Amino acid sequence: MRNYYGSLCTKLYHASPTAGLTVLRPSVTEFFGKPRQVCLTSLKPMALLYGIKHFEYTYGYAKDGGLYYEEYFPGALEELYRGRSASLYRCAWREGMETTPIPNEYVTAEPVPVEEEFFIPDVYEALLEEERLGTIHLIRWPDVPEKRRRWIAEAEKEAILAHKLPGTDTAMARYMREKYPESWAMAQEEEEK
């Protein structure tokens, strides 16, 4: 199995706020509409982004194939990741794992044995270290261009509508209302039409 860069992929990673796992079991991600599966990646920094449970993971790939994380609101990286611990699990590629449209992502419907666990005391600090190593580009809010900010506001409005959040008081609704007030207002306005 080869990763996005064409390198032979034998080590895969999975991060979780849950420590002590010896087997990764297929599960359903509540907010992303994926089937019951185990998700892994050949990129350590990509796995670290999933070391927290959250409603959105705002990363992507640049034209050169490099991984980036982009703040969708001011101070997002620090607010979401600082002081949060996680376990990074290393697993071996196994027959039957499939790639997805997301570069460097592998999935399987079968349980995956853990080969090694690494405790990450602060995911934020671990991501800063990966940035220093050049394995991820962290884009802070002040560096997000205005055109991109408008796109984010529109995308978050669509997410609010897709999850039918206006008029609800779930954890996700409270988060979206607080972090994306402009998107929330646009979604409410659109719903009222």
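In strand 11, the bridge partner of Y69 is L138, and that pairing is where I would like to begin, with the strands and helices taken as DSSP runs numbered from the N terminus, a helix being H or I over at least four residues and a strand being E over at least two. Before going further, I should say that this is a predicted model, in which local features need pLDDT of at least 70 and side-chain atom pairs count only at pLDDT 80 or more, while totals for chains, interfaces and linings use all residues. Residues are numbered from 1 along each chain as its sequence is written, and side-chain values use heavy atoms, with hydrogens and water left out.

Let me stay with the sheet. Strand 5 and strand 11 pair in the parallel sense over 3 bridges, where pairing requires that DSSP finds at least two bridges between two strands. On its other pairing, strand 5, which covers residues 67-70, runs antiparallel to strand 4, again over 3 bridges. Here Y69 appears once more, as the bridge partner of Y59, and Y68 is the bridge partner of G60. Strands 4 and 5 form a hairpin with 5 residues between them, and G65 in the turn has a positive phi of about 90°.

Put together, this is an open sheet of 3 strands in the order 4-5-11, with mixed pairing. Strand 4 (59-61) and strand 11 (137-139) each have a single partner strand and stand at the edges, so one side of each is left without a neighbour in the sheet. From one strand to the next, the twist averages 25°, the axes being lines fitted to C-alpha atoms, for helices over the stretch in contact, and the angles running from 0 to 180 degrees between N-to-C directions.

Which way do the side chains of strand 5 point? L67 and Y69 point one way and Y68 and E70 the other, and all are buried, a word that I use for under 20% relative accessible area, with exposed meaning over 50% and partly exposed in between (1.4 Å probe, protein chains only).

Y69 also takes us to the cavity, because it is one of the residues that line the largest cavity, together with others including H54, E56, F73 and Y180. By cavity I mean a set of points, on a 1 Å grid over the protein atoms alone, where a 1.4 Å probe fits but cannot get out, and lining residues have an atom within 4 Å of a point. A search of the whole structure finds 1 cavity of 30 Å³ or more, and the largest has a volume of about 30 Å³, a volume being the space filled by probe spheres set on the points, which are joined across faces, edges and corners.

Turning to the cysteines, a search of the whole structure finds 0 disulfides, a disulfide being a pair of cysteine sulfur atoms within 2.5 Å. For C39, the nearest cysteine sulfur is that of C91, 12 Å away. C39 is partly exposed, at a relative accessible area of 22%, whereas C91 is buried at 0%.

I will finish with two residues other than glycine that have positive phi values. N104, with phi near 70°, lies in the loop between strand 7 (98-99) and strand 8 (105-108) and is buried, at 4% relative accessible area. K164, with phi near 55°, sits in the loop between helix 4 (146-162) and helix 5 (171-179) and is exposed, at 61% relative accessibility.

Technical notes:
On a 1 Å grid over the protein atoms alone, a cavity is a set of points where a 1.4 Å probe fits but cannot get out, and a pocket is an open set with protein on both sides within 12 Å along at least five of seven lines; lining residues have an atom within 4 Å of a point.
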